[in-house]
Amino acid sequence: MDVERITEELYGLKPGDFVAARDGYVAQARAAKDPAAAKAIAALRRPATAAWAANRLARERPREAERFLALGETLREAHRTLDAERLRAASREQHQLVAALARTAAELAGEAGQPVSDTVVREIEQTLHGVLAHGDVADRWAKGRLVKVPEAAVGFPAIDPDADPPPPARAAPRPARNPDLAKARAAAAEATAEVARCEREFDAAERSRQAAAAKAEEAAERVTRLETDLAEARRNRTEAEGTASRAATALTTAERALARSRQAADRATRTAEGLEGQAP
């Protein structure tokens, strides 16, 4: 079986149609005695709704996708080389494109009969940020085969496109003589640290939620596969039992026919022997 063609077809389907179609191809591969294809197809995972919508964007809008992929390469290179000017210019385009493309992806999903919520739109935006930040995510998205929403980019912070370049370092100011001002600054620093801590906790909780959702989805898919295998096994058992029952019936009929044939042969033999005794 052409696993590549089947994979391309499956990731073009709506998430709700994915599992049934995949399991159907697995059954076909097994019937065709192609265990390698069956294993490869069974390993394919249903995409999350946001990942599917992002995939559809890459499939339906190839020119926009190509431009977005090029932007990702530019951003990653700018981060590697610490090119502030280039990074600032690319970031300006990033902010414009991510929001616009997420809306386009949502529209395409709706046109395909899969409307998405505001939460999913935000997950599409997160997916697109992941495409910009990670080359492996970009490769899968370019093929339209993302499975899950990538984690929030770490070490790839968004840059304010309108921010001025940072000023040169200055000597540290002398300690403030106003005690109230010192207290206010300390409170502000503490509040800023608390915000950073809460943001880290939020990111960790979001990653945990995504991981739990992915595990739940994998478990649901496994249950579906096991239910399909169980149904097939039950059909096979029913067919085998029917075949065994018909064979037993045929055996009984054959035994009876054999007994009748033997009886007829015995009668014919006795008749022949009697006639031979009467012959002159």
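Helices, in the sense used here, are DSSP runs of H or I with at least four residues, and strands are runs of E with at least two, numbered from the N terminus. On this basis, the chain of the present predicted model contains nine helices and zero strands. Its pattern along the sequence accordingly reads α-α-α-α-α-α-α-α-α. The chain has 280 residues, of which 26% count as buried. Contacts between residues at least 6 apart in sequence were also examined, and 74% of these join residues at least 24 apart.

The packing of helix H2 (residues 15-31) against helix H3 (residues 35-42) was considered next. The axes of these two helices lie 8 Å apart, and the helices pack at an angle of about 165°. Since angles over 145 degrees count as roughly antiparallel, H2 and H3 are therefore assigned to that class. Their crossing is left-handed. On the H2 side, the contact is formed by Arg22, Tyr25, Val26, Ala29 and Arg30, which meet Ala37, Ala38, Ile41 and Ala42 of H3. Seven residues of this contact are nonpolar and two are charged, while no polar residue takes part.

The loop between H2 and H3 includes lysine 33. The phi angle of lysine 33 is near 60°, a positive value in a residue other than glycine. Lysine 33 has a relative accessibility of 72% and therefore counts as exposed, the threshold for that class being over 50%.

A second helix pair is formed by H5 and H8, whose axes come within 11 Å and cross at roughly 175°. H5 is therefore roughly antiparallel to H8. Ala65, Phe68, Leu69 and Arg76 of H5 make this contact with Gly135, Ala138, Trp141 and Ala142 of H8. Classified by residue type, the contact of H5 with H8 comprises six nonpolar residues, one polar residue and one charged residue.

Aromatic pairs were sought across the whole structure, and two were found. In one of them, the ring centres of tyrosine 11 and phenylalanine 18 are 5.2 Å apart and the ring planes stand at 50°, so the pair is tilted. Tyrosine 11 and phenylalanine 18 are both buried. Phenylalanine 68 and tryptophan 141 also form an aromatic pair, with a distance of 5.8 Å from centre to centre and an angle of 70° between the planes, an edge-to-face arrangement. This pair links distant parts of the chain, as phenylalanine 68 belongs to helix H5 (residues 62-81) and tryptophan 141 to helix H8 (residues 135-142), 73 residues apart. Phenylalanine 68 and tryptophan 141 are likewise buried, and both residues also belong to the contact between H5 and H8 described above.

The surroundings of one residue of helix H6 (residues 84-111), alanine 90, were examined in addition. Alanine 90 has a relative accessible area of 5% and is therefore buried, the limit for this class being under 20%. When neighbours within four places in sequence are left aside, the contacts of alanine 90 are with Leu71, Thr74 and Leu75. For leucine 71, the C-alpha to C-alpha distance to alanine 90 is 6.8 Å, although the two residues are 19 residues apart in sequence.

Terms used
Residues numbered from 1 in each chain as written. Predicted model: local features only at pLDDT ≥ 70, side-chain atom pairs only at ≥ 80, totals over all residues. Heavy atoms only, no water. Buried < 20%, exposed > 50% of the residue type's maximum accessible area, 1.4 Å probe, protein only. Contact = heavy atoms within 4.5 Å. Phe/Tyr/Trp six-rings, centres within 6.5 Å; stacked < 30°, edge-to-face > 60°. Axes fitted to C-alpha atoms, helices over the stretch in contact; angles between N-to-C directions. Parallel < 35°, antiparallel > 145°, perpendicular 65-115°, else oblique. Left-handed = near helix turned anticlockwise from the far one by under 90°. Nonpolar A, V, L, I, M, F, W, Y, C, P; charged D, E, K, R; others polar.
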